[in-house]
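Grab your viewer and try a few short exercises on this model. Each one comes with a worked solution.

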Amino acid sequence: MGLWDLFVTASLPVLNVLLVTAVGSISATSRVAILGEIARKNLNNVVFYVFNPALNAVNLAQTITLERMLLLWFMPVNLFLNFVIGSALAWAIIHIFQAPARIRAVIFASCSAGNVGNLLLILVPAMCKEKGSPFGDPDICSKFGLSFASLSLAIGTILQWSYVFNIVRVTSSHAQDKTSATDSVSKVTSAQETISLLPEDYKDVMTSTRGCSTSAYPFNNAPLLPSKTEDFTTTTKVLLSSSKMSRIWRIFCGVIDLKKLFAPATVGVIIGFMIGVIPQLKKAMIGEAAPLRAIQESAMLLGNGTIPSLMLIMGGNLVKGMNSSGVKVSIIIGIIIIRYLALPLVGIGIVKGAIHLGMVHPDPLYRFILLLQYAVPPAMNITSMIQMFEAGEGELSVIFLWSYVVASAALTMWSTLFLWLVS
(Lines give C-alpha, C1' and ligand atoms only; values in the text may rest on other atoms or scores of the structure.)
Protein backbone atom coordinates (compact mmCIF):
# COMPACT_ATOMS: atom_id res chain seq x y z
CA MET A 1 0.00 0.00 0.00
CA GLY A 2 1.14 3.51 -0.78
CA LEU A 3 1.45 6.23 1.80
CA TRP A 4 -1.60 8.08 0.45
CA ASP A 5 -3.74 4.93 0.65
CA LEU A 6 -2.67 4.43 4.26
CA PHE A 7 -3.47 8.06 5.03
CA VAL A 8 -6.98 7.72 3.56
CA THR A 9 -7.55 4.48 5.46
CA ALA A 10 -6.50 6.14 8.72
CA SER A 11 -8.28 9.46 8.19
CA LEU A 12 -11.78 8.30 7.23
CA PRO A 13 -12.56 6.58 10.58
CA VAL A 14 -11.32 9.65 12.45
CA LEU A 15 -13.49 11.83 10.21
CA ASN A 16 -16.50 9.63 11.01
CA VAL A 17 -15.84 10.08 14.71
CA LEU A 18 -15.51 13.85 14.29
CA LEU A 19 -18.81 14.14 12.42
CA VAL A 20 -20.85 12.15 14.95
CA THR A 21 -19.06 13.90 17.84
CA ALA A 22 -19.96 17.25 16.26
CA VAL A 23 -23.61 16.17 16.22
CA GLY A 24 -23.32 15.44 19.94
CA SER A 25 -21.73 18.83 20.60
CA ILE A 26 -24.39 20.70 18.63
CA SER A 27 -27.15 18.76 20.37
CA ALA A 28 -25.69 19.71 23.76
CA THR A 29 -25.59 23.47 23.14
CA SER A 30 -28.04 25.68 25.03
CA ARG A 31 -29.79 26.69 21.81
CA VAL A 32 -30.59 23.13 20.70
CA ALA A 33 -30.76 21.57 24.21
CA ILE A 34 -31.50 18.02 23.05
CA LEU A 35 -28.50 16.38 24.71
CA GLY A 36 -28.26 18.41 27.91
CA GLU A 37 -26.55 17.34 31.10
CA ILE A 38 -29.45 15.22 32.37
CA ALA A 39 -29.97 13.61 28.96
CA ARG A 40 -26.25 12.79 28.67
CA LYS A 41 -26.22 11.30 32.15
CA ASN A 42 -29.24 9.11 31.42
CA LEU A 43 -27.83 7.98 28.08
CA ASN A 44 -24.50 7.25 29.73
CA ASN A 45 -26.26 5.12 32.35
CA VAL A 46 -27.70 2.97 29.55
CA VAL A 47 -24.29 2.69 27.86
CA PHE A 48 -22.49 1.99 31.12
CA TYR A 49 -24.88 -0.65 32.47
CA VAL A 50 -26.34 -2.23 29.31
CA PHE A 51 -24.71 -1.48 25.94
CA ASN A 52 -21.02 -1.66 26.84
CA PRO A 53 -21.12 -4.87 28.94
CA ALA A 54 -23.18 -6.57 26.21
CA LEU A 55 -20.69 -5.51 23.52
CA ASN A 56 -17.70 -6.70 25.54
CA ALA A 57 -19.27 -10.03 26.47
CA VAL A 58 -20.47 -11.01 23.00
CA ASN A 59 -17.29 -10.00 21.15
CA LEU A 60 -14.97 -11.79 23.55
CA ALA A 61 -17.20 -14.86 23.67
CA GLN A 62 -17.08 -15.13 19.87
CA THR A 63 -13.31 -14.76 19.47
CA ILE A 64 -11.48 -15.62 22.69
CA THR A 65 -10.02 -19.04 23.44
CA LEU A 66 -7.61 -20.26 26.07
CA GLU A 67 -4.81 -20.39 23.49
CA ARG A 68 -5.56 -16.83 22.32
CA MET A 69 -5.59 -15.60 25.92
CA LEU A 70 -2.04 -16.88 26.32
CA LEU A 71 -1.02 -15.09 23.10
CA LEU A 72 -2.44 -11.78 24.36
CA TRP A 73 -0.45 -11.70 27.60
CA PHE A 74 1.64 -8.71 26.49
CA MET A 75 -1.33 -6.32 26.33
CA PRO A 76 -1.59 -5.85 30.16
CA VAL A 77 2.18 -5.25 30.29
CA ASN A 78 1.96 -2.76 27.43
CA LEU A 79 -0.85 -0.79 29.09
CA PHE A 80 0.89 -0.78 32.46
CA LEU A 81 4.07 0.63 30.90
CA ASN A 82 1.91 3.18 29.07
CA PHE A 83 0.36 4.42 32.32
CA VAL A 84 3.64 4.46 34.29
CA ILE A 85 5.60 6.32 31.59
CA GLY A 86 2.76 8.82 31.20
CA SER A 87 2.73 9.59 34.93
CA ALA A 88 6.52 10.00 34.93
CA LEU A 89 6.29 12.51 32.06
CA ALA A 90 3.48 14.31 33.91
CA TRP A 91 5.80 14.70 36.92
CA ALA A 92 8.32 16.36 34.60
CA ILE A 93 5.68 18.74 33.19
CA ILE A 94 4.58 19.75 36.69
CA HIS A 95 8.10 20.69 37.74
CA ILE A 96 9.12 22.33 34.46
CA PHE A 97 6.09 24.64 34.29
CA GLN A 98 5.60 25.00 38.08
CA ALA A 99 1.98 23.87 37.88
CA PRO A 100 -0.29 25.00 40.75
CA ALA A 101 -1.00 22.35 43.36
CA ARG A 102 -4.75 22.39 42.67
CA ILE A 103 -4.35 21.03 39.11
CA ARG A 104 -1.47 18.60 39.59
CA ALA A 105 -3.89 15.71 39.94
CA VAL A 106 -5.48 16.75 36.63
CA ILE A 107 -2.08 16.73 34.90
CA PHE A 108 -1.14 13.33 36.31
CA ALA A 109 -4.48 11.79 35.30
CA SER A 110 -4.50 13.36 31.81
CA CYS A 111 -0.99 12.13 30.99
CA SER A 112 -1.17 8.65 32.50
CA ALA A 113 -4.70 7.43 31.63
CA GLY A 114 -5.44 7.23 27.91
CA ASN A 115 -8.76 6.41 26.24
CA VAL A 116 -7.65 2.86 25.52
CA GLY A 117 -11.16 1.38 25.51
CA ASN A 118 -14.08 3.35 24.16
CA LEU A 119 -12.11 5.12 21.43
CA LEU A 120 -10.63 1.84 20.20
CA LEU A 121 -14.13 0.35 20.06
CA ILE A 122 -15.01 3.17 17.68
CA LEU A 123 -11.88 3.41 15.52
CA VAL A 124 -10.81 -0.21 14.99
CA PRO A 125 -14.03 -1.54 13.38
CA ALA A 126 -14.17 1.53 11.14
CA MET A 127 -10.60 0.91 9.93
CA CYS A 128 -11.37 -2.74 9.28
CA LYS A 129 -14.14 -1.74 6.85
CA GLU A 130 -11.88 0.43 4.71
CA LYS A 131 -10.85 -1.09 1.36
CA GLY A 132 -7.18 -0.28 1.84
CA SER A 133 -6.95 -1.89 5.27
CA PRO A 134 -4.02 -4.32 5.69
CA PHE A 135 -6.00 -6.47 8.13
CA GLY A 136 -7.70 -8.79 5.66
CA ASP A 137 -11.39 -9.73 5.60
CA PRO A 138 -13.46 -6.86 7.07
CA ASP A 139 -15.86 -9.10 9.03
CA ILE A 140 -13.10 -11.16 10.64
CA CYS A 141 -11.08 -8.02 11.30
CA SER A 142 -14.05 -6.31 12.98
CA LYS A 143 -14.80 -9.35 15.13
CA PHE A 144 -11.23 -9.76 16.40
CA GLY A 145 -10.67 -6.01 16.56
CA LEU A 146 -13.66 -5.58 18.87
CA SER A 147 -12.43 -8.42 21.10
CA PHE A 148 -8.97 -6.82 21.35
CA ALA A 149 -10.56 -3.42 22.08
CA SER A 150 -12.84 -4.97 24.71
CA LEU A 151 -9.86 -6.54 26.43
CA SER A 152 -8.03 -3.21 26.28
CA LEU A 153 -11.08 -1.52 27.82
CA ALA A 154 -11.20 -3.96 30.72
CA ILE A 155 -7.48 -3.74 31.49
CA GLY A 156 -7.57 0.04 31.14
CA THR A 157 -10.49 0.26 33.57
CA ILE A 158 -8.61 -1.79 36.16
CA LEU A 159 -5.49 0.38 35.81
CA GLN A 160 -7.49 3.60 35.93
CA TRP A 161 -9.29 2.70 39.15
CA SER A 162 -6.22 1.28 40.88
CA TYR A 163 -3.06 3.01 39.67
CA VAL A 164 -4.36 6.37 38.38
CA PHE A 165 -7.02 6.69 41.06
CA ASN A 166 -4.43 6.51 43.83
CA ILE A 167 -2.17 9.03 42.09
CA VAL A 168 -5.12 11.45 41.97
CA ARG A 169 -6.01 10.68 45.59
CA VAL A 170 -2.51 11.29 46.93
CA THR A 171 -1.88 14.36 44.77
CA SER A 172 -5.18 16.00 45.65
CA SER A 173 -4.65 15.32 49.36
CA HIS A 174 -1.43 17.37 49.30
CA ALA A 175 -3.31 20.20 47.65
CA GLN A 176 -5.98 20.23 50.38
CA ASP A 177 -4.19 21.62 53.44
CA LYS A 178 -1.74 18.70 53.58
CA THR A 179 -4.37 16.36 54.97
CA SER A 180 -3.71 12.64 54.84
CA ALA A 181 -4.89 10.61 51.88
CA THR A 182 -7.43 8.75 53.99
CA ASP A 183 -8.94 11.94 55.39
CA SER A 184 -9.10 13.33 51.86
CA VAL A 185 -11.12 10.34 50.71
CA SER A 186 -13.45 10.67 53.72
CA LYS A 187 -14.31 14.25 52.80
CA VAL A 188 -15.36 13.30 49.31
CA THR A 189 -18.79 12.07 50.41
CA SER A 190 -19.88 15.64 51.18
CA ALA A 191 -18.54 17.11 47.92
CA GLN A 192 -20.95 18.85 45.58
CA GLU A 193 -22.14 16.42 42.91
CA THR A 194 -21.60 17.34 39.30
CA ILE A 195 -22.23 15.58 36.04
CA SER A 196 -19.69 12.86 35.27
CA LEU A 197 -19.30 10.14 32.71
CA LEU A 198 -20.02 7.47 35.32
CA PRO A 199 -23.48 6.82 36.72
CA GLU A 200 -24.61 8.45 39.94
CA ASP A 201 -24.15 5.48 42.23
CA TYR A 202 -20.59 5.01 40.98
CA LYS A 203 -19.54 8.34 42.44
CA ASP A 204 -21.46 8.18 45.70
CA VAL A 205 -19.58 5.23 47.18
CA MET A 206 -16.54 7.28 48.18
CA THR A 207 -16.12 6.74 51.87
CA SER A 208 -12.92 6.01 53.70
CA THR A 209 -13.36 2.36 52.71
CA ARG A 210 -15.31 3.15 49.50
CA GLY A 211 -17.85 0.35 49.50
CA CYS A 212 -15.88 -2.14 51.60
CA SER A 213 -17.78 -2.90 54.76
CA THR A 214 -15.73 -4.14 57.66
CA SER A 215 -18.75 -6.13 58.77
CA ALA A 216 -18.26 -8.24 55.67
CA TYR A 217 -14.77 -9.16 56.75
CA PRO A 218 -14.77 -12.79 57.92
CA PHE A 219 -12.68 -12.27 61.08
CA ASN A 220 -15.03 -9.66 62.52
CA ASN A 221 -17.32 -12.35 63.90
CA ALA A 222 -14.56 -13.90 66.00
CA PRO A 223 -15.59 -14.53 69.63
CA LEU A 224 -14.72 -11.78 72.06
CA LEU A 225 -14.21 -14.12 75.02
CA PRO A 226 -12.73 -17.60 75.13
CA SER A 227 -14.98 -20.53 75.97
CA LYS A 228 -14.23 -22.74 78.93
CA THR A 229 -12.52 -25.29 76.77
CA GLU A 230 -10.33 -22.81 74.89
CA ASP A 231 -6.86 -21.89 75.83
CA PHE A 232 -6.76 -18.19 76.72
CA THR A 233 -3.36 -17.55 75.16
CA THR A 234 -4.34 -19.19 71.88
CA THR A 235 -7.58 -17.22 71.68
CA THR A 236 -5.75 -13.96 72.40
CA LYS A 237 -3.36 -14.63 69.54
CA VAL A 238 -6.26 -15.35 67.20
CA LEU A 239 -7.99 -12.12 68.20
CA LEU A 240 -4.82 -10.08 67.69
CA SER A 241 -4.26 -11.71 64.32
CA SER A 242 -7.84 -11.05 63.22
CA SER A 243 -7.54 -7.43 64.35
CA LYS A 244 -4.42 -6.99 62.22
CA MET A 245 -6.09 -8.64 59.25
CA SER A 246 -9.13 -6.40 59.67
CA ARG A 247 -6.89 -3.31 59.63
CA ILE A 248 -5.13 -4.60 56.51
CA TRP A 249 -8.54 -5.11 54.90
CA ARG A 250 -9.55 -1.53 55.69
CA ILE A 251 -6.26 -0.19 54.29
CA PHE A 252 -6.69 -2.27 51.13
CA CYS A 253 -10.22 -0.96 50.64
CA GLY A 254 -8.95 2.58 51.17
CA VAL A 255 -6.40 2.12 48.39
CA ILE A 256 -8.35 0.07 45.84
CA ASP A 257 -11.90 1.04 44.88
CA LEU A 258 -13.32 -2.44 44.41
CA LYS A 259 -16.72 -1.34 43.16
CA LYS A 260 -15.26 0.68 40.31
CA LEU A 261 -12.59 -1.93 39.67
CA PHE A 262 -15.35 -4.38 38.77
CA ALA A 263 -17.43 -1.99 36.71
CA PRO A 264 -20.11 -3.44 34.40
CA ALA A 265 -17.72 -3.28 31.42
CA THR A 266 -15.20 -5.42 33.33
CA VAL A 267 -17.93 -7.85 34.37
CA GLY A 268 -18.94 -8.13 30.71
CA VAL A 269 -15.34 -9.01 29.82
CA ILE A 270 -15.24 -11.68 32.55
CA ILE A 271 -18.48 -13.22 31.26
CA GLY A 272 -17.11 -13.17 27.71
CA PHE A 273 -13.92 -14.89 28.89
CA MET A 274 -15.91 -17.59 30.69
CA ILE A 275 -18.05 -18.33 27.65
CA GLY A 276 -15.07 -18.25 25.30
CA VAL A 277 -12.77 -20.57 27.24
CA ILE A 278 -15.42 -23.11 28.33
CA PRO A 279 -16.22 -25.20 25.21
CA GLN A 280 -19.62 -26.37 26.47
CA LEU A 281 -20.85 -22.81 27.07
CA LYS A 282 -19.46 -21.56 23.78
CA LYS A 283 -21.07 -24.39 21.82
CA ALA A 284 -24.42 -23.77 23.50
CA MET A 285 -24.51 -19.98 23.00
CA ILE A 286 -22.24 -18.98 20.11
CA GLY A 287 -22.82 -19.82 16.45
CA GLU A 288 -25.70 -20.20 14.03
CA ALA A 289 -26.48 -23.73 15.21
CA ALA A 290 -26.24 -22.97 18.95
CA PRO A 291 -29.44 -23.82 20.87
CA LEU A 292 -29.12 -20.64 22.97
CA ARG A 293 -28.08 -18.39 20.08
CA ALA A 294 -30.95 -16.02 20.91
CA ILE A 295 -28.88 -14.81 23.88
CA GLN A 296 -25.94 -14.01 21.60
CA GLU A 297 -28.16 -12.22 19.06
CA SER A 298 -29.90 -10.17 21.76
CA ALA A 299 -26.55 -9.15 23.24
CA MET A 300 -25.31 -8.13 19.79
CA LEU A 301 -28.39 -5.93 19.28
CA LEU A 302 -27.72 -4.19 22.59
CA GLY A 303 -23.99 -3.89 21.95
CA ASN A 304 -24.53 -2.20 18.59
CA GLY A 305 -25.86 0.85 20.43
CA THR A 306 -22.56 1.41 22.24
CA ILE A 307 -20.47 3.16 19.60
CA PRO A 308 -22.88 5.88 18.37
CA SER A 309 -24.00 6.59 21.93
CA LEU A 310 -20.42 7.01 23.13
CA MET A 311 -19.63 9.45 20.32
CA LEU A 312 -22.70 11.56 21.09
CA ILE A 313 -21.86 11.64 24.80
CA MET A 314 -18.24 12.52 24.10
CA GLY A 315 -19.30 15.41 21.87
CA GLY A 316 -21.76 16.70 24.44
CA ASN A 317 -19.23 16.62 27.26
CA LEU A 318 -16.65 18.57 25.27
CA VAL A 319 -19.04 21.54 25.22
CA LYS A 320 -18.33 22.02 28.92
CA GLY A 321 -14.74 22.98 28.14
CA MET A 322 -15.87 26.01 26.16
CA ASN A 323 -17.38 27.64 29.25
CA SER A 324 -14.88 26.52 31.91
CA SER A 325 -12.10 28.33 33.72
CA GLY A 326 -8.77 28.80 32.03
CA VAL A 327 -5.48 27.01 32.46
CA LYS A 328 -1.95 27.94 31.41
CA VAL A 329 -1.33 27.51 27.71
CA SER A 330 2.10 26.03 28.44
CA ILE A 331 0.53 23.27 30.54
CA ILE A 332 -2.00 22.43 27.82
CA ILE A 333 0.80 22.30 25.23
CA GLY A 334 2.88 20.13 27.55
CA ILE A 335 0.05 17.60 27.99
CA ILE A 336 -0.57 17.53 24.24
CA ILE A 337 3.14 16.92 23.57
CA ILE A 338 3.16 14.04 26.05
CA ARG A 339 0.00 12.41 24.71
CA TYR A 340 0.61 12.89 20.98
CA LEU A 341 4.39 12.95 20.61
CA ALA A 342 6.34 11.50 23.52
CA LEU A 343 4.11 8.53 24.35
CA PRO A 344 3.64 7.35 20.72
CA LEU A 345 7.39 7.47 20.12
CA VAL A 346 8.04 5.54 23.33
CA GLY A 347 5.28 3.10 22.37
CA ILE A 348 6.90 2.38 19.01
CA GLY A 349 10.15 1.55 20.80
CA ILE A 350 8.43 -0.72 23.34
CA VAL A 351 6.28 -2.63 20.85
CA LYS A 352 9.10 -2.97 18.31
CA GLY A 353 11.39 -4.23 21.08
CA ALA A 354 8.77 -6.76 22.19
CA ILE A 355 8.32 -7.95 18.61
CA HIS A 356 12.09 -8.31 18.20
CA LEU A 357 12.24 -10.42 21.38
CA GLY A 358 9.37 -12.62 20.21
CA MET A 359 6.99 -11.45 22.95
CA VAL A 360 4.18 -10.41 20.55
CA HIS A 361 2.60 -12.84 18.09
CA PRO A 362 2.60 -11.84 14.38
CA ASP A 363 -0.93 -10.49 14.05
CA PRO A 364 -0.89 -7.05 12.35
CA LEU A 365 -4.22 -6.03 13.92
CA TYR A 366 -3.00 -6.92 17.43
CA ARG A 367 0.26 -5.04 16.87
CA PHE A 368 -1.63 -2.04 15.52
CA ILE A 369 -3.82 -1.88 18.64
CA LEU A 370 -0.76 -2.14 20.91
CA LEU A 371 0.74 0.86 19.10
CA LEU A 372 -2.52 2.81 19.00
CA GLN A 373 -2.86 2.55 22.79
CA TYR A 374 -0.02 5.08 23.09
CA ALA A 375 -1.57 7.71 20.77
CA VAL A 376 -5.07 8.21 22.22
CA PRO A 377 -6.37 11.28 24.11
CA PRO A 378 -7.03 11.24 27.89
CA ALA A 379 -9.56 8.77 29.24
CA MET A 380 -13.05 10.07 29.96
CA ASN A 381 -13.20 8.12 33.24
CA ILE A 382 -10.79 10.54 34.91
CA THR A 383 -13.59 13.13 34.91
CA SER A 384 -15.25 11.17 37.70
CA MET A 385 -12.02 10.90 39.71
CA ILE A 386 -11.31 14.63 39.51
CA GLN A 387 -14.86 15.50 40.52
CA MET A 388 -14.68 13.16 43.50
CA PHE A 389 -11.72 15.01 44.94
CA GLU A 390 -12.66 18.50 43.66
CA ALA A 391 -9.17 18.74 42.18
CA GLY A 392 -9.76 21.04 39.20
CA GLU A 393 -12.92 20.14 37.26
CA GLY A 394 -12.91 23.35 35.19
CA GLU A 395 -9.27 22.97 34.19
CA LEU A 396 -9.89 19.35 33.19
CA SER A 397 -12.73 20.41 30.86
CA VAL A 398 -10.39 22.86 29.09
CA ILE A 399 -7.66 20.21 28.77
CA PHE A 400 -10.18 17.71 27.42
CA LEU A 401 -11.49 20.17 24.86
CA TRP A 402 -8.08 20.93 23.37
CA SER A 403 -6.83 17.34 23.68
CA TYR A 404 -9.73 15.99 21.65
CA VAL A 405 -9.51 18.80 19.10
CA VAL A 406 -5.84 17.97 18.47
CA ALA A 407 -6.65 14.24 18.53
CA SER A 408 -8.36 14.48 15.15
CA ALA A 409 -5.06 15.34 13.44
CA ALA A 410 -2.77 13.38 15.75
CA LEU A 411 -4.73 10.11 15.49
CA THR A 412 -4.77 10.37 11.70
CA MET A 413 -1.01 10.93 11.54
CA TRP A 414 -0.09 8.19 13.99
CA SER A 415 -2.62 5.72 12.59
CA THR A 416 -1.07 6.20 9.15
CA LEU A 417 2.41 5.51 10.53
CA PHE A 418 1.22 2.52 12.58
CA LEU A 419 -0.53 1.00 9.57
CA TRP A 420 2.69 1.37 7.60
CA LEU A 421 4.68 -0.28 10.40
CA VAL A 422 2.43 -3.34 10.65
CA SER A 423 1.63 -3.80 6.94
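Below are three exercises, with some ground rules up front.

This is a predicted model, where local features need pLDDT of at least 70, side-chain atom pairs count only at pLDDT 80 or more, and totals for chains, interfaces and linings use all residues. Residues are numbered from 1 along each chain as its sequence is written, and side-chain values use heavy atoms, with hydrogens and water left out.

**Exercise 1.** Work out which helix gives the most to the nonpolar surface patch.

*Solution.*
- Start with the members: Phe262, Val267, Ile270, Ile271, Met274, Ile278 and Leu281 make a patch of about 550 Å².
- Next, the helices (DSSP runs of H or I, at least four residues, numbered from the N terminus): α11, residues 264-277, gives the most, with four residues.
- Leu281 sits in α12, residues 279-285.

**Exercise 2.** Classify Leu281 and Arg169 as buried, partly exposed or exposed.

*Solution.*
- Cut-offs first: buried is under 20% relative accessible area, exposed is over 50%, and partly exposed is in between (1.4 Å probe, protein chains only).
- Leu281 has 33% relative accessibility, so it's partly exposed.
- Arg169, in helix α7 (residues 138-175), has 8%, so it's buried.

**Exercise 3.** Explain why helix α16 counts as largely enclosed by the rest of the structure.

*Solution.*
- α16 covers residues 364-372, and eight of its nine residues are buried, so the rest of the structure largely encloses it.
- Those buried residues include Tyr366, Arg367 and Phe368.
- Now look at its start: a side-chain oxygen of Asp363 comes within 3.1 Å of the backbone nitrogen of Leu365.

Technical notes:
Patch = residues over 30% accessible without salt bridge, like charges linked within 9 Å, V, L, I, M, F, W, Y side chains within 5 Å. Areas by Shrake-Rupley, 256 points an atom, 1.4 Å probe, with all protein chains shown as cover. Salt bridge = Lys/Arg side-chain N within 4 Å of Asp/Glu carboxyl O. Helix = DSSP H or I, 4+ residues; strand = E, 2+ residues; numbered from the N terminus. Polar contact = N/O pair within 3.5 Å; in protein donor to acceptor, adjacent residues only side chain to side chain.
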